[in-house]
Amino acid sequence: MNIGILGTGIVGQTIGSALVNLGHNVRMASRTADNPSARAWTKVTGKEASHGTFAEAAEFGEILFNCTAGMGSLSALQFAKTANLNYKVLIDVANPLDYSRGTPPTLTVCNTDSLGEQIQRAHPLLNVVKTLNYLNCDVMVHPHRVAGSHDAFICGNNANAKATVTLILMEWFGWSSVIDLGDISASRGMEMVIPFWLSLRNKLGTTDFNFKIAK
Ligand SMILES: NC(=O)c1ccc[n+]([C@@H]2O[C@H](COP(=O)([O-])OP(=O)(O)OC[C@H]3O[C@@H](n4cnc5c(N)ncnc54)[C@H](OP(=O)(O)O)[C@@H]3O)[C@@H](O)[C@H]2O)c1
């Protein structure tokens, strides 16, 4: 498939490389057409990799990943242009984190709203599916880095889009358990878990961990 990755950071690069390794064509996007990180990633990744503006990658991708800084996600998607987004699936792995007062970061939106919902409201014809945002990016695409069985969570308003993302998680990335939390408002909990994830990382001294639901 042709896949658009919005974002040139470590998350965009990790997901982009995993997708190229699976045989997909990936275009990585930035605010500028020739972002140095994207250019370097394209060079080392090979001929299935390319880069461009947010609009160029959104137009290119049949499936899109939002790997932008949460405070810039709405702006990035505005740059991507509505016509390039409508009716597509956007896999939203971003978190609305504000580092302006140092670490730990604070959430720019929570409790009664979320970044996932803000994106969905701004682009009503885009099928936003929130997932993997509560994991280190290596674990997102290589769940076997964490021993034993553990769960992926998704939410979104469109059942077909969630079925597509479930397939991607299981058949492309190797997830064995995907729990559907319901509509996009479940993004609130998925984003608010980040402070908890940060505490766990500090305690465990690794980013190779995940949640497993027992009942
Ligand atoms: N690090 C992890 O393992 C991890 C795990 C889970 C979730 N996440 C989430 O994944 C996302 C990506 O993280 P990252 O560390 O790879 O990258 P990042 O540094 O958080 O974001 C980089 C991207 O955001 C874009 N961006 C920043 N401000 C913007 C603005 N005002 N308008 C438009 N675009 C803007 C940048 O555009 P330019 O290319 O033009 O500079 C760049 O492409 C974040 O939301 C993060 O919270 C990270």
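**View 1. Tyr 87 in its loop.** In this predicted model, Tyr 87 is found in the loop that runs between helix 5 (82–85) and strand 5 (89–92). Take a look at its backbone here: Tyr 87 is not a glycine, yet it has a positive phi of about 75 degrees. For comparison, most residues other than glycine have a negative phi.

**View 2. A cis peptide bond before Pro 104.** This close-up shows Thr 103 and Pro 104, joined by a cis peptide bond with omega at about -5 degrees. Pro 104 belongs to the loop between strand 6 (97–98) and strand 7 (106–107). As a reminder, most peptide bonds are trans.

**View 3. The ligand in its pocket.** Here the ligand sits in the largest pocket. Three elements each give two or more residues to the shell around the ligand: helix 1 (10–21), helix 4 (70–80) and helix 7 (137–141). Helix 4 gives the most, with four residues. There are 24 residues around the ligand, and those that come nearest are Thr 8, Val 11, Arg 31, Thr 68 and Leu 135. By type, the shell divides into eleven nonpolar residues, twelve polar ones and one charged.

**View 4. Polar contacts to the ligand.** Zooming in on the ligand's oxygen atoms, you can find partners in both backbone and side chain. A polar backbone atom of Ile 10 lies 3.1 Å from a ligand oxygen. A backbone N or O atom of Asn 95 is 3.0 Å from an oxygen atom of the ligand. From the side chain of Ser 30, an N or O atom is 3.0 Å from a ligand oxygen. On its own the ligand has 900 Å² of accessible area, and the protein covers 74% of it.

**View 5. Phe 54 and Phe 79, a stacked pair.** The model has five aromatic pairs by count, and this view picks out the one formed by Phe 54 and Phe 79. Their ring centres are 6.4 Å apart and their planes meet at 20 degrees, so the pair is stacked, the cut-off being under 30 degrees. Phe 54 lies in helix 3 (residues 54–60) and Phe 79 in helix 4, so the pair ties together parts that are 25 residues apart in sequence.

Terms used: Residues numbered from 1 in each chain as written. Predicted model: local features only at pLDDT ≥ 70, side-chain atom pairs only at ≥ 80, totals over all residues. Heavy atoms only, no water. Near = heavy atom within 4 Å. Polar contact = N/O pair within 3.5 Å; in protein donor to acceptor, adjacent residues only side chain to side chain. Areas by Shrake-Rupley, 256 points an atom, 1.4 Å probe, with all protein chains shown as cover. 1 Å grid on protein atoms, 1.4 Å probe; cavity = no way out; pocket = protein on both sides within 12 Å on 5 of 7 lines; lining within 4 Å. Sits in = over half its atoms within 2 Å of the grid points. Nonpolar A, V, L, I, M, F, W, Y, C, P; charged D, E, K, R; others polar. Phe/Tyr/Trp six-rings, centres within 6.5 Å; stacked < 30°, edge-to-face > 60°.
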